Amino acid sequence: MVDADQTFVIVGGGLAGAKAAQTLRSENFSGRVILIGDELDPPYERPPLSKGFLTGEKDRASVFVHEPGWYANHDVELHLGQTVTHLDRAAKTVRLGDGSVIRYDKLLLATGAEPRRLDIPGTDLAGVHHLRRIAHAELLRGTLASLGRENGRLLIAGAGWIGLEVAAAARGYGVEVTIVEPEPTPLHSVLGPQLGSLFTDLHRQHGVTFHFGARLTAITGQDGMVFAATTDDGDEHPAHAVLAAIGAAPRTALAENAGLALAPREEGGGIAVDASLRTSDPDIYAAGDVANAETPHLGHRVRVEHWANALNGGPCAARSMLGQDAAHDRVPYFFSDQYDLGLEYSGHAAPGQYDQVVCRGDVGKREFIAFWLREGRVLAGMNVNVWDVTDPVQRLIRSRVQVDPERLSDPDTPLESLVEGHL
């Protein structure tokens with residue numbers, strides 16, 4: 001039986017919002033739970049959109065967080081296809097696009113992020129894609145299948161994780177792929193030049209063409225369709241479709257207009273929250289891609305745009321809303337699959353934060369673990385085609401212990417032994 005005396009509202013129909021709703025019910029919250037999403041679909045997971053769903057290995061039903069009847073069975077009220085246009089903190093209400101007003105006792109903002117747009121001529125042509133939502137993935141999947149049948153060409157702006165995963169999916173359909181990237185290697189700011197070049201070699205071996213040190217300046221068309229794209233060094237690249245994979249920006253407009261504190265852009269932007277995911281308003285919380293959280297084990301604030309952050313952040317926010325002593329102190333984690341390469345990345349090592357990269361294993365065979373260190377302490381680790389090591393890698397990161405680089409690089413030295421006695 002739902003107790004209408006308390007109403008918890010969740011704005012955002014992604015993984016963080018869905019997991020927050022689930023946690024509220026599993027923690028025996030008996031009040032109203034209202035989840036508002038601006039898509040017509042119930043909450044789903046985003047990693048398959050550039051992986052299994054895009055390749056056709058997974059069907060549409062597999063991406064959803066819960067079975068269709070879960071929300072009704074757990075008294076979670078869904079308002080789908082609705083945007084929240086205004087947040088009134090004094091009245092503790094949100095106004096929806098249809099004019100209706102909902103009062104809240106506690107509010108969770110899980111508004112996520114939006115793909116950055118190319119600010120160049122030609123983006124209105126048919127065949128220009130972004131990838132963030134399931135509708136985007138369905139359209140892109142159909143495009144890749146068509147291009148594969150017709151020997152078509154896809155141009156991808158950006159050699160980040162999304163760009164590379166889509167390139168791998170496209171090559172699976174037989175599409176000719178060119179990636180334009182202003183940095184000298186893929187993932188340059190994430191992995192650095194040494195490990196970035198590994199992904200250059202991987203994709204080139206699968207037929208991908210790279211154009212480094214350049215940016216798109218225009219997309220040209222023919223009969224309203226993409227025909228080619230030009231770069232700032234004067235080159236023209238034939239293309240029948242273009243994917244903008246140049247990052248995402250946190251959706252903070254609602255919070256900003258309501259006067260909530262935001263994190264500085266140089267610190268990743270987003271809504272500023274403490275370790276319990278509480279905003280500058282004690283009755284409002286934020287989780288997922290939009291939240292920039294104080295992270296105790298890192299010792300600084302960070303905004304993370306990955307699946308595990310939403311998976312774990314939503315439940316943490318829910319427990320905090322219930323008054324529990326909760327802290328979001330997980331080690332950031334994500335994974336990627338490209339051709340026969342699978343990897344897991346734990347931690348956070350932004351450019352300028354590390355002074356050494358140490359590898360154990362065989363980088364040439366793409367079976368290794370890489371570690372990013374600062375003053376001998378491991379900030380992040382990435383295991384490539386090496387499995388069941390995430391736990392010891394994360395323990396090593398959490399320990400903040402100084403390690404001997406030679407022992408760290410030695411495959412015969414158990415990772416667990418490097419942190420024994422320090423946790």
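Visitor: What share of the 423 residues in the protein chain is buried?

Guide: Buried residues make up 54% of them. Keep in mind that this is a predicted model.

Visitor: What makes the overall size agree with a compact globule?

Guide: Put two values side by side. A compact globule with 423 residues would have a radius of gyration near 22 Å, and the protein chain has 22 Å, so the two agree. Along the principal axes, the C-alpha trace spans about 65 × 60 × 35 Å.

Visitor: How many helices and strands are in there?

Guide: The protein chain has 11 helices and 26 strands. As for contacts between residues at least 6 apart in sequence, 61% join residues at least 24 apart.

Visitor: And what does the chain expose?

Guide: About 18300 Å², with carbon and sulfur atoms supplying 45% of that. On the charge side, there are 38 positive and 56 negative charges, and their mean positions are 3 Å apart.

Visitor: Which residues does UniProt list for the FAD/NAD(P)-binding domain?

Guide: Residues 8-313, according to the UniProt record, which is an unreviewed entry. In the model, that span is 25% helix and 30% strand, and its end C-alpha atoms lie 16 Å apart.

Visitor: Let's get to single residues. Why is Thr230 called buried?

Guide: Buried means under 20% relative accessible area. Thr230 has 19%, so Thr230 is buried. This residue is found in strand S14, residues 225-231.

Visitor: Which residues is Thr230 in contact with, leaving aside neighbours within four places in sequence?

Guide: Arg215, Leu216, Thr217 and Ala218 on one stretch of numbering, plus Asp235 and Glu236.

Visitor: Why does Ser146 count as partly exposed?

Guide: Partly exposed runs between the 20% and 50% cut-offs. Ser146 comes in at 21% relative accessibility, so the label is partly exposed. Ser146 sits in helix H4, residues 134-149. Its C-alpha is 13 Å from that of Thr55, with the two positions 91 residues apart in sequence numbering.

Visitor: What about Arg117: why is that one called partly exposed?

Guide: The exposed label needs over 50%. Arg117 has a relative accessible area of 49%, so Arg117 stays partly exposed. You'll find Arg117 in the loop between strand S8 (113-115) and strand S9 (128-129).

Visitor: What does Arg117 touch, not counting residues up to four places away in sequence?

Guide: His130 and Ile246. For a separation along the chain, take Ala272: Arg117 and Ala272 are 155 residues apart, and their C-alpha atoms are separated by 24 Å.

Visitor: How do you know that Asp388 is exposed?

Guide: Again the cut-off is over 50%. Asp388 has 78% relative accessibility, so Asp388 counts as exposed. Its place is the loop between strand S26 (377-384) and helix H10 (390-399).

Visitor: What is the sign of phi at Asp388?

Guide: Positive, near 60°, in a residue other than glycine. Tyr339 also isn't a glycine, and has a positive phi of about 55°.

Visitor: Where does Tyr339 lie, then?

Guide: In the loop between strand S22 (333-338) and strand S23 (341-347).

Visitor: And why is Tyr339 called partly exposed?

Guide: Set the value against the 20% and 50% limits. Tyr339 has a relative accessible area of 26%, and therefore Tyr339 is partly exposed.

Conventions. Residues are numbered from 1 along each chain as its sequence is written. This is a predicted model: local features need pLDDT of at least 70, side-chain atom pairs count only at pLDDT 80 or more; totals for chains, interfaces and linings use all residues. Side-chain values use heavy atoms; hydrogens and water are left out. UniProt positions are given in the numbering used here, feature names are shortened, and annotations may be inferred rather than shown by experiment. Helices (H or I, at least four residues) and strands (E, at least two) are DSSP runs, numbered from the N terminus. Buried means under 20% relative accessible area, exposed over 50%, partly exposed in between (1.4 Å probe, protein chains only). Contact means heavy atoms within 4.5 Å. The radius of gyration is taken over C-alpha atoms; the globule rule is 2.2 Å times the number of residues to the power 0.38. Accessible areas come from the Shrake-Rupley method with a 1.4 Å probe; for residues, only the protein chains shown count as cover. Lys and Arg count as positive and Asp and Glu as negative; His and the chain ends are not counted. The place of a charge is taken as NZ of Lys, CZ of Arg, CG of Asp or CD of Glu.
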